[in-house]
Amino acid sequence: MKVASWNVNSLNVRLPHVLEWLESAQPDILGLQETKLTDEKFPRQAIREAGYEVVFTGQKTYNGVAVLARSPISDVITDLPGIEDPQRRVLGVTVDGVRFINLYVPNGKAVDSDKYGYKLDWLKKLRDWLAAECERHERVVVVGDFNIAPTDADVHDPDAWRDQILCSAPEREALQRLLDLGFTDSFRAFEQPEMAFSWWDYRMNNFKRNRGLRIDLILTSPAITASLQSSTIERDPRTWERPSDHTPVAARFA
DNA sequence: ATGGTAGTTGAACTA
């Protein structure tokens, strides 16, 4: 099975990119973030015609997540349980016996902003929910834009990013609390090239200069990790015309 | 040190 994650930064703009990539990459399950579409505007027909089931939860202008799958989708969750939040960032589904959780973790803006506190609080609540999900399901995959670079190896210039948003110690510790549940950062389960990133700011020719961060992750529970075959960054779509600032990440397992 | 770009919405906000 091939699973993937892609922050598309507006599905309205990126639908052609997504259809092209589905055709070439053939993922079984794909989690999208930052669709930026209300549900009535979601392009469900185009995606169905491409051969994928789809579920989504969106809002106007910001956030929004979707899951596309070759097989039927069931047991859909659209919120962290017990938390009232208009921001559409969570989509948990079951496909082919895999519990697939798609996340758009809050960005946080800056370590001294209110949004940073919201991010850390959100991650704490996420941890508790994932702990419960792991009780209920053995085969769990958590994908998404985590808005956290796990280590300095995931940052083009660690000194410039030291203690900055996406790289601060509290964010990395919050991610570690998730990994403590038994999850593996699947990308690091394999030998990888250095300076491998999934996001490059649009500004300053950052992609051309490979000034990026790896903040899009695929976490696997032990039962999945045991049969992991690969975990890669699919860099191609970032080279296309009018790209998202993120590129897809993917993992294969038996 | 600042602003650089992109998307949505319609001058400002988020990333």
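The two exercises below concern a protein and DNA strand B in a predicted model.

Residues are numbered from 1 along each chain as its sequence is written, and chains are lettered from A in the order in which they are written. Local features need pLDDT of at least 70, side-chain atom pairs count only at pLDDT 80 or more, and side-chain values use heavy atoms, with hydrogens and water left out.

**Exercise 1.** Describe the surroundings of glutamate 34.

*Solution.* Begin with its place, which is the loop between β2 (29-33) and α2 (44-49); helices (H or I, at least four residues) and strands (E, at least two) are DSSP runs. Next, list its contacts (heavy atoms within 4.5 Å): beyond four places away in sequence, glutamate 34 touches residues including Asn7, Ser10, Asn63 and Tyr104. Finally, consider charge: glutamate 34 is buried yet has no salt bridge, where buried means under 20% relative accessible area with a 1.4 Å probe, protein chains only, and a salt bridge is a side-chain nitrogen of Lys or Arg within 4 Å of a carboxyl oxygen of Asp or Glu.

**Exercise 2.** Work out which residues come nearest to DNA strand B and which of its phosphate oxygens' partners can be named.

*Solution.* Of the 16 residues around the strand, Ser10, Arg14, Lys60, Lys115 and Arg203 come nearest, and sugar and phosphate account for 67% of the strand's atoms that come within 4 Å of the protein. Then look at individual distances: a side-chain N or O atom of serine 10 is 2.5 Å from a phosphate oxygen of DNA strand B, while for arginine 14 the corresponding distance is 2.9 Å.

Technical notes
Buried < 20%, exposed > 50% of the residue type's maximum accessible area, 1.4 Å probe, protein only. Lys, Arg positive; Asp, Glu negative; His and termini not counted. Near = heavy atom within 4 Å. Polar contact = N/O pair within 3.5 Å; in protein donor to acceptor, adjacent residues only side chain to side chain.
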